[in-house]
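This report takes up the surroundings of one strand residue, then the nonpolar cores, a helix pair and the cysteines. The sequence and the structure come first.

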Amino acid sequence: QDDVTKISNLIFQYGKDRQDVEKQSVKFLTENCHIDNNSFVILNKDKIISLSDEVKFDIIKRCVKCVGKAIYSIADKSCEKLIKNFSGNCGKVVVKSVKGIIYIYRENRDLGKIVKLNKGDRFLWDNRFMVESLIDGLQIDKFDKMRSIFDLPSYIADTLPAFCINDKICH
């Protein structure tokens, strides 16, 4: 075979292999992944460990990109570190393994300043949540005030907004 044919065959095989990895990743995520509306992911560690490194790599990259709201894909070296022990951070996202569960969530960027909105005001909180106030005096505060109301680990609650009226939590 000439060099062009060899290179074409190599590229074709890479494409087939990549497509297989993507199919396995999407199947796994569809069947085993919980992506919460509040921008965090929950995975079963035992189920993901049994997958090939290529598929684990693809799953973690997809989850980190989704949670971090990244425009670009994360660096391969960063992702390699994450799949070794399922802990660490990259792309504004933390990966943490606790009791057989892998949590992927936004970094706590200490967005603790209180934002006050009047009726009709809009505010993009942490580049994730567009808030439009339907009332005067709506406050956006740290979610950690709501830990006792919702069953979320503190490290996830600390990365979410809370909505208050006159310093009383409303959601």
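Valine 131 has its place in strand E8, which covers residues 129-132, and in this predicted model valine 131 is buried, with a relative accessible area of 8%. Leaving aside neighbours within four places in sequence, the residues in contact with valine 131 are Leu117, Asp121, Arg122, Phe123, Leu138, Ile140 and Phe163. One of these contacts, aspartate 121, lies ten residues from valine 131 in sequence, and the C-alpha atoms of the two are 8.1 Å apart in space.

The largest nonpolar core has 25 residues, among which Leu43, Ile48, Ile59, Ile60, Val64 and Ile104 touch the most other members. Two or more residues are given to this core by each of helix H1 (3-32), strand E2 (40-44), H3, H4, strand E4 (93-98) and strand E5 (101-106), and the largest share, seven residues, comes from H3. Apart from its neighbours within four places in sequence, valine 64 is in contact with Ile74, Leu82, Cys90, Val93, Val95 and Ile104. A second core, separate from this one and made up of 15 residues, includes Val94, Tyr103, Val115 and Trp125.

How do the axes of helix H3 and helix H4 cross? The axes of H3 (residues 53-68) and H4 (residues 76-85) come within 9 Å and cross at roughly 110°, and therefore H3 is roughly perpendicular to H4. On the H3 side the contact is made by Asp53, Lys56, Phe57, Ile60, Lys61 and Val64, and on the H4 side by Asp76, Cys79, Glu80, Leu82 and Ile83. Sorted by class, this contact of H3 with H4 has six nonpolar and five charged residues, with no polar residues. Ile60 and Val64, which take part in the contact with H4, are also among the residues that touch the most other members of the largest core.

The structure holds zero disulfides. For cysteine 33, which is in no disulfide, the nearest cysteine sulfur is that of cysteine 63, 4.5 Å away; because a disulfide requires the two sulfur atoms to be within 2.5 Å, this pair does not count as one. Cysteine 33 is nevertheless buried, at 18% relative accessible area, and cysteine 90, one of the contacts of valine 64, counts as buried at 10%.

The accessibility values given above are set side by side here.

| Residue | Relative accessible area | Class |
|---|---|---|
| Valine 131 | 8% | buried |
| Cysteine 90 | 10% | buried |
| Cysteine 33 | 18% | buried |

Key
Residues are numbered from 1 along each chain as its sequence is written. This is a predicted model: local features need pLDDT of at least 70, side-chain atom pairs count only at pLDDT 80 or more; totals for chains, interfaces and linings use all residues. Side-chain values use heavy atoms; hydrogens and water are left out. Axes are lines fitted to C-alpha atoms, for helices over the stretch in contact, and angles run from 0 to 180 degrees between N-to-C directions. Helices (H or I, at least four residues) and strands (E, at least two) are DSSP runs, numbered from the N terminus. Angles under 35 degrees count as roughly parallel, over 145 as roughly antiparallel, 65 to 115 as roughly perpendicular and the rest as oblique. Contact means heavy atoms within 4.5 Å. Ala, Val, Leu, Ile, Met, Phe, Trp, Tyr, Cys and Pro count as nonpolar, Asp, Glu, Lys and Arg as charged, and the others, Gly among them, as polar. Buried means under 20% relative accessible area, exposed over 50%, partly exposed in between (1.4 Å probe, protein chains only). A nonpolar core is a set of buried Ala, Val, Leu, Ile, Met, Phe, Trp, Tyr and Cys residues joined through side-chain atoms within 4.5 Å.
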